[in-house]
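Please read the following walk through one protein chain with the model open beside the text. The account moves from the contact between two domains to a metal site and then to a covered helix.

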Amino acid sequence: SALRQSTGLHQRSRSSAASLGLQRPGDGLIRKPTSDPRQYKHTTFASGLGVLAVQDAEAKTTGFAMAVEAGMLEDPPDFQGLAHFAEHMVFLGSEKYPNTSAFSDELALHGGQHNAYTSSDSTVYYGQVGNDGAEKALDIFAQFFISPSFAESMVDKEINAVDSEHKKNQPNVHRRMYHLLRSRANPASPAHQFTTGDLDTLKRQPEKDGKSLVEALHAFHKQNYCAKRMHLVIVSSASTDASIELAHRSFDAVPAATDETCPPRREYLDTPMYSHELGNLGRHFVIGTKGSPELWVTFPVRPLRHRYKELAEVYLWSVLGHYGAGGLKALLLQQDLSQTYTYEAETTVAGTMVTVVFHLTEKGAADPDRVLECFFAYINIVRADGVNDRLLDDVRRLHQILFDYREQQASELAVVQTLAQALTEYPPEDVLTGGSLVDRPNDSLVRELLDALVPSNMNVALVSPAFDESKAPHHERYYNFGFSEAPLSAALVDRWAKASGFGLRAPPELAFVPRKLDLIEDSTGDAGPEVLVQAGGVDGWWLGMAPNIPLPKASLQLKVHFPAAVRSGAEDAVLAALHARVVQRVLEQPTDMLATCGVSYTFADLSDGFELSFAGFDEHMADLVALVVPAVRDPGADASWAFEQARRQYVLDLADVARLESHQHALEAFESLTVRGAHSRAALLAAARDPGRVSLRAYRQLLATWFSKDTRLSALVAGNIGRERGRALVAEAAKGLGVRSQGVVAPTNLASAPRVVRPSQTLEARLPNPIPGDPNSATLVVYQFGVPSIADRVHLSLLGEFMDRPVFEALRTERQLGYVVFGYVSRHHSIVEVRVLVQGVREAPDTVEALAEETLRKLTKLVDDMPAEELATRRHALRTELSKPPARLADFAGQYWNQILEGGENCFRRRAMQVAALDAENGTSSRLLAAAW
Ligand SMILES: [Zn+2]
């Protein structure tokens, strides 16, 4: 999909409410997964507005979204970035509700939130709100599409937010490269335009030409935000008819559209984006980076916009995604040219581009031509072999099963957003299946795509740390960087076209497409985990089937606890991080086919041990455990080359400071200052570069210490695995890890000392923004609250919800300090913190800090003055959130996992205790909240 630009960095996602029950598909017109119990009803209002209502019995809030068939490709040439700017402006007041914060305030009061994003093809506005607030919120929401204010004073403010957003994006190498390649597209196609917009493209230049941004906004809205090009989605526990009635009450005021006033959106599928005639194909670009080298290859292919039922590109993905022996990935690793690569097809109204991005090693960066030779040797062999009908059928079956048994999204917010976006791409009956199912396998279309992946039909771009930008012959004006551009050498193109050999062969069929899909009935229900085993250094727990997530899937969580004090210096932290990478590297090939077929693992380094998680279809989970666990203890003979590669890549990654934004660097630095055992980026980098501290020998020694006789294991099994199978899995894991401790793992042994440092006085730290040429500053103000009681948790949750709006309004909307403005309450290991985070170019950090503190001081008064009615509404919203059953297996297990690691079963009821604490306080004033604050 497109690179999305979201206004919503200040929003944080919440846990969820949707869930499942088994039901046959096919009720009504809309095809849905076997396991989806929701009801769907689509209708078109008299105005032409499309409306999809979804009834989800488990939904605790009302989700709503409007997708508009207009995106960055609709930008007028004289107002580049206008679609995105309209997205920013739409939520800022309407004729009926002129107050710019009316919508946000209404949502916040009822525990809701909203967000929006602009893609190439569409703009999607979405939100969720407590059911009591739905009627009012939807009426305010509807007016944004009927008569938005676009007030001049707000335009002048918000343009700074967009300008700041672009400045935030400017250093990002991926955005630079994406824009550079697109900027070369056919001038007759809108794909070549600059999409984010800034002060120059939206205001300064048009004003010089006598054009008004406000007028342009109104014209854009009138032309593109018309009923036939808008799609409304509502999700709630109410019946679909009731939701459609609700929609009528607010959205019947949307002006009726005719084919004349609202023609179908323009498509450019007959306008080639790139061709040799246009002179923009067969080009070679180089841009610089302070980070890792990359090689981008991009191919224009037949437009796939109306071919979604064939979904031919997924065959390509199974070819490129095959990491086993004889595959491209294995070859690139063996030749030490590329660690990994990503691939995507971007399909829009302007056409379809297939892009492959290789993450290069130093050797690959020195010889990118050889990377392409390997790539084309593989594609040539796959093409010569012809389309494998059995593989195509496996891919079709796999996609059907992944679709039928997919987990629900975590919130109404996520559900409505996905559905609304899909309605701009697919007809209503395919809104769930479009892009997911291979309805009409078509080997000739697959063949056509393979035929387009040839060296004579591509552009190539290198992201190179060696490129000297100061000597660059060309300059990109919107992102402000130097680059070089030249035609690809004809001799190379010829050589790649004939590339072959290397022992490459076409990928095999899929071996692990799930077949065993029956469900167990065993479950501990609401009682929380039950002990499976507590002996021999193993602390194992079992949950069984999540009552509202009946899927043939499971999760197995493992934590290996190191013996106390085995880790001290930065070199130990580096070696632990490298171990995670080495394990992943040596297991990549053996586990690849299982991952493709829906069961995968993650392995992460924690400062006091390792965490290993398995998730997905349970049928082959034991096979995966048997592959992974022994490699965690001993990565084997392959560890030597994997270690050296991992170390080099780790150094490159850490040195690539432009991969993060300045506010992320601030958070990272804060972490290294305040958490015991954490190390700064500089310290880690110094250790990783020093072969005297970080070596294969030191790694092997440390591995032996970690898995010594004191190693202990915690485990939790959840989902479609019964007690006996669960016990066997945990035993297998303990054996594979060599857990030999004689003692029982008592909870008190697991509780470690507080991780977050408590300074004796106010602490201020400064570091220069490490990103070269980045004009942004980031300021982070943190208040520590210590370890919270149950009542504290409730109060701080309320405060976190409450402070979001005032901080955003004061620092972003009023003061225009920047695009990134967060005010939030955060768990930080065992303690809680209140934080304000700002990134921008407008004011120096000293000024920002003073403004942040002033805003927090005002918060005290806002809390004191909170009317009883508002407090009750906020309590109700929090109660709703705390009582939601988890919608996903990972959340179901996750709600107990930390408590198993922290303190055992006493805390399993933490959420219920918080609900009880809330109920006990009901009817009281905001005094308790103010006291906590
Ligand atoms: Zn934006």
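A salt bridge is taken here as a side-chain nitrogen of Lys or Arg within 4 Å of a carboxyl oxygen of Asp or Glu. The model is predicted, and its chain is divided into domain 1 (21-251), domain 2 (283-411 + 425-497), domain 3 (525-750) and domain 4 (777-932). By the criterion just given, the count between domain 1 and domain 3 is one salt bridge, and Glu661 forms a salt bridge with Lys168, with 3.3 Å between the closest N and O atoms. The centres of these two domains, taken over C-alpha atoms, are separated by 41 Å, while six residues of domain 1 are in contact with five residues of domain 3. Between them, domain 1 and domain 3 bury about 420 Å², of which 54% is on carbon and sulfur atoms.

The zinc ion has as its protein donors His84 (NE2), His88 (NE2) and, through two OE entries, Glu165, at 2.0 to 2.6 Å. Because the four donor atoms subtend angles of 54 to 146° around the zinc ion, the arrangement is irregular. His88 lies in helix 1 (residues 82-90) and Glu165 in helix 4 (residues 152-169), so the pair ties together parts that are 77 residues apart in sequence. His88 is buried, with a relative accessible area of 5%, and Glu165 is likewise buried, at 2%.

Helix 9 (residues 313-320) is mostly covered, with eight of its eight residues buried. What covers them includes helix 10 (328-334), strand 10 (338-348), strand 11 (351-360), helix 12 (368-385), helix 13 (389-404) and helix 15 (443-452).

Key:
Residues numbered from 1 in each chain as written. Predicted model: local features only at pLDDT ≥ 70, side-chain atom pairs only at ≥ 80, totals over all residues. Heavy atoms only, no water. Buried < 20%, exposed > 50% of the residue type's maximum accessible area, 1.4 Å probe, protein only. Helix = DSSP H or I, 4+ residues; strand = E, 2+ residues; numbered from the N terminus. Contact = heavy atoms within 4.5 Å. Donors = N, O, S within 2.8 Å, 3.2 Å for Na, K, Ca; no water. Tetrahedral: all angles 85-135°; square planar, octahedral: opposite > 155°, others 65-115°. Domains from an automatic or database assignment. Buried area = accessible area lost by both parts, 1.4 Å probe.
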